[in-house]
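Me: I'd like a close look at one helix pair in this one, with a bit of the surroundings first. Can you walk me through how the two pack?

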Amino acid sequence: MPSPRRTRLTPDQRRAQLLLLGRDLLGTRTLDELSIDDLAEKAGISRGLMFHYFKSKQGFHRAVVEAACEDFLARTAPDPALEPLARLHAVLGAFVDYVLDHRATYVSLVRGAASADETVRELVENARRTQADRVTAGCVELGLADTPLLRTAARAWVVFAEESVVAWQEPDSDRTGLAEFLERTLVAVLGCVDEGAYVLGAGG
């Protein structure tokens with residue numbers, strides 16, 4: 001029997017494949033441990049071809065972090081078709097599910113904020129900023145004033161939520177309970193910004 005013909009990937013398809021493999025490897029090691037050689041071996045290509053796509057190890061790391069951040073933000077994006085409170089519940093549930101289902105990758109991503117590479121740090125910070133902006137926009141839609149204090153509180157809560165879910169030791173237990181805990185902490189934080197924030201808990 002003749003061997004099946006191997007499908008030839010376009011450059012864009014090959015790069016996408018390498019980024020997906022890189023994100024998978026990020027689930028088993030830190031960003032600093034993410035190796036060009038390991039990825040080339042898994043992809044069945046030469047080390048030289050890896051450098052053709054990413055130019056350097058730093059370029060590879062940046063591309064992997066960017067792809068991981070984009071995936072995280074896409075999977076936790078608010079659904080504009082939902083009412084504000086239902087949207088908040090859905091976003092928190094998606095956030096908990098994503099982190100618990102991709103714990104190792106997410107930890108590597110969050111820890112990337114301490115990377116020596118300025119671009120990697122900025123990519124992680126941009127993801128946090130986007131999440132904080134989403135929180136702020138949802139609060140404004142519910143009637144809170146868009147103030148510097150609200151934006152500061154939203155940014156601080158995002159970091160708290162990251163650490164809370166990463167620290168969760170029971171990934172197979174009640175995820176809904178964890179999402180509800182995060183919602184209560186958000187309501188508590190916002191109550192320190194604006195006493196009217198109690199309305200956020202009206203649907204819980």
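Reply: Nine helices and zero strands make up the protein chain, so reading from the N terminus you get α-α-α-α-α-α-α-α-α. Keep in mind that this is a predicted model. The chain has 204 residues, and 38% of them count as buried. Its accessible surface comes to about 11400 Å², with 54% of that belonging to carbon and sulfur atoms. If you take contacts between residues at least 6 apart in sequence, 63% join residues at least 24 apart.

Now the pair itself. Helix H5 covers residues 84-101 and helix H8 covers residues 148-167; their axes come within 10 Å and cross at roughly 45 degrees. An angle like that makes H5 oblique to H8, since it falls outside the ranges for roughly parallel (under 35 degrees) and roughly perpendicular (65 to 115). As for handedness, the H5 and H8 crossing is right-handed.

Which residues do the touching? On the H5 side they are Leu-92, Phe-95, Val-96, Val-99 and Leu-100, and on the H8 side Trp-157, Ala-161, Glu-162, Val-165 and Val-166. Sorted by class, the H5 contact with H8 has nine nonpolar residues, no polar ones and one charged. Glu counts as charged, so the charged one is Glu-162 in H8.

One oddity elsewhere: Lys-55, in the loop between helix H3 (47-54) and helix H4 (57-75), has a positive phi of about 70 degrees although it is not a glycine. Lys-55 counts as exposed because its relative accessibility is 66%, and the cut-off for exposed is over 50%.

Conventions: Residues numbered from 1 in each chain as written. Predicted model: local features only at pLDDT ≥ 70, side-chain atom pairs only at ≥ 80, totals over all residues. Heavy atoms only, no water. Axes fitted to C-alpha atoms, helices over the stretch in contact; angles between N-to-C directions. Helix = DSSP H or I, 4+ residues; strand = E, 2+ residues; numbered from the N terminus. Parallel < 35°, antiparallel > 145°, perpendicular 65-115°, else oblique. Left-handed = near helix turned anticlockwise from the far one by under 90°. Contact = heavy atoms within 4.5 Å. Buried < 20%, exposed > 50% of the residue type's maximum accessible area, 1.4 Å probe, protein only. Areas by Shrake-Rupley, 256 points an atom, 1.4 Å probe, with all protein chains shown as cover.
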